Protein chains: 2
Amino acid sequence: MDQLSQVFAALADPTRRDMVARLTEADASVSELAAPYDVSIQAVSKHLKVLEGAGLVTRTKEAQRRPVHLEAEVFDLMTKWIERYQRQAEQRYQRLDRLLDELNGRDQPTTKGNAS
Amino acid sequence: MDQLSQVFAALADPTRRDMVARLTEADASVSELAAPYDVSIQAVSKHLKVLEGAGLVTRTKEAQRRPVHLEAEVFDLMTKWIERYQRQAEQRYQRLDRLLDELNGRDQPTTKGNAS
DNA sequence: TCGGTAATCAACCGGATGGTTGAATAGAAT
DNA sequence: ATTCTATTCAACCATCCGGTTGATTACCGA
């Protein structure tokens, strides 16, 4: 699986999105991260493995805690993809607008072609 | 499921991402969309249902063709989410930098503390 | 009216996903 | 050395997902 797919898939889960949100505030251990949610620590550990696989977080072994750190650069992957097609879709609208303007302009003065 | 999750999930699939990319160029019918891929038309129809559920495309019944149209505004949902936490993560780095600067600044001029 | 074409519906299948519980690992503390 | 704490590994389960094939709907054209 390509990284972009993994990033999108990782953020498709609300719990994982919330974890990412919290990690923008500060690094946190697995159990700290797990505290607010009504699921087992093992489930949270799995979520972290998904986020890690997507490159969104890194875990550094520090004694028996493994503080989780957000790697915000990966966001750029997504924003680049999104912005590209957002821009493209916008340009398409503009082309369409121009086309409509052109058609309008062309048969309003002459009234030659029939486009009713 | 909330829409944001649906949008992320929809774009987690490469085929669907490619369809979205192509729809920024022009609207297309289901079979037109299906042509490049090595899957059945039914599979593509399912993909479209996912994209539609996420609000990324709309389908207007027009004779027996059902042209698919991209609704680019939904991108904003994602960009807003991403940008918010991207910004927040950046600010966190800046806070950290300031903190380090402060610690550095405090014992660099005086050379009182030893932080070799 | 009778095909032909575009698309969806329905049932099924294998693999991924999110959750569980229980056992294992590993460092800290006593 | 033993125990406590943090985390992961492993097996299992239900559900979801992307794909298939076959049947069905709906419109167009001859």
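## Polar contacts with DNA strand C

A polar contact is a pair of N or O atoms within 3.5 Å. In this predicted model, the side chain of A:His47 meets that cut-off, because one of its N or O atoms is 2.3 Å from a phosphate oxygen of DNA strand C. B:Arg59 also approaches the backbone of this strand: a polar atom of its side chain lies 2.5 Å from a phosphate oxygen. A:Lys46 is placed at a base instead, with a polar side-chain atom 2.2 Å from a base oxygen of DNA strand C.

## The surface near DNA strand C

DNA strand C is surrounded by 22 residues, and the closest are A:Lys46, A:His47, B:Ser31, B:Ser45 and B:Arg59. Among the atoms of the strand that come within 4 Å of the protein, sugar and phosphate make up 65%.

Three helices each supply at least two residues to this surface: α4 (41-53) of chain A, and α3 (30-34) and α4 (41-53) of chain B. The most comes from α4(B), which gives five residues. Sorted by class, the surface holds five nonpolar, nine polar and eight charged residues.

## The surface near DNA strand D

Around DNA strand D there are 23 residues, of which A:Ser31, A:Ser45, A:Arg59, B:Lys46 and B:His47 are the closest. Sugar or phosphate accounts for 64% of the strand's atoms within 4 Å of the protein, and bases for the rest.

Here α3 and α4 of chain A and α4 of chain B each contribute at least two residues. α4(A) has the largest share, with five residues. The surface is made up of five nonpolar, nine polar and nine charged residues.

## Phosphate contacts of DNA strand D

Side chains from both chains reach phosphate oxygens of DNA strand D. On chain A, an N or O atom in the side chain of A:Ser45 is 2.5 Å from a phosphate oxygen, and for A:Arg59 the distance is 2.7 Å. On chain B, the side chain of B:Ser40 has an N or O atom 2.7 Å from a phosphate oxygen of the strand.

## A buried threonine between α2 and α3

A:Thr24 sits in the loop that links α2 (14-23) and α3 (30-34) of chain A. A:Thr24 counts as buried because its relative accessible area is 1%, under the 20% limit. Its side chain reaches the backbone oxygen of A:Ala21 at 2.5 Å.

Apart from neighbours within four places in sequence, A:Thr24 is in contact with A:Leu70 on its own chain and with B:Tyr85, B:Gln88, B:Ala89 and B:Arg92 on chain B.

Definitions and conventions. Residues are numbered from 1 along each chain as its sequence is written. Chains are lettered from A and ligands numbered from 1 in the order in which they are written. This is a predicted model: local features need pLDDT of at least 70, side-chain atom pairs count only at pLDDT 80 or more; totals for chains, interfaces and linings use all residues. Side-chain values use heavy atoms; hydrogens and water are left out. Helices (H or I, at least four residues) and strands (E, at least two) are DSSP runs, numbered from the N terminus. Buried means under 20% relative accessible area, exposed over 50%, partly exposed in between (1.4 Å probe, protein chains only). A polar contact is a pair of N or O atoms within 3.5 Å; within protein, one must be able to donate a hydrogen and the other to accept it, and residues adjacent in sequence count only if both atoms are side-chain atoms. Contact means heavy atoms within 4.5 Å. A residue is near a molecule or strand if one of its heavy atoms lies within 4 Å of it. Ala, Val, Leu, Ile, Met, Phe, Trp, Tyr, Cys and Pro count as nonpolar, Asp, Glu, Lys and Arg as charged, and the others, Gly among them, as polar.
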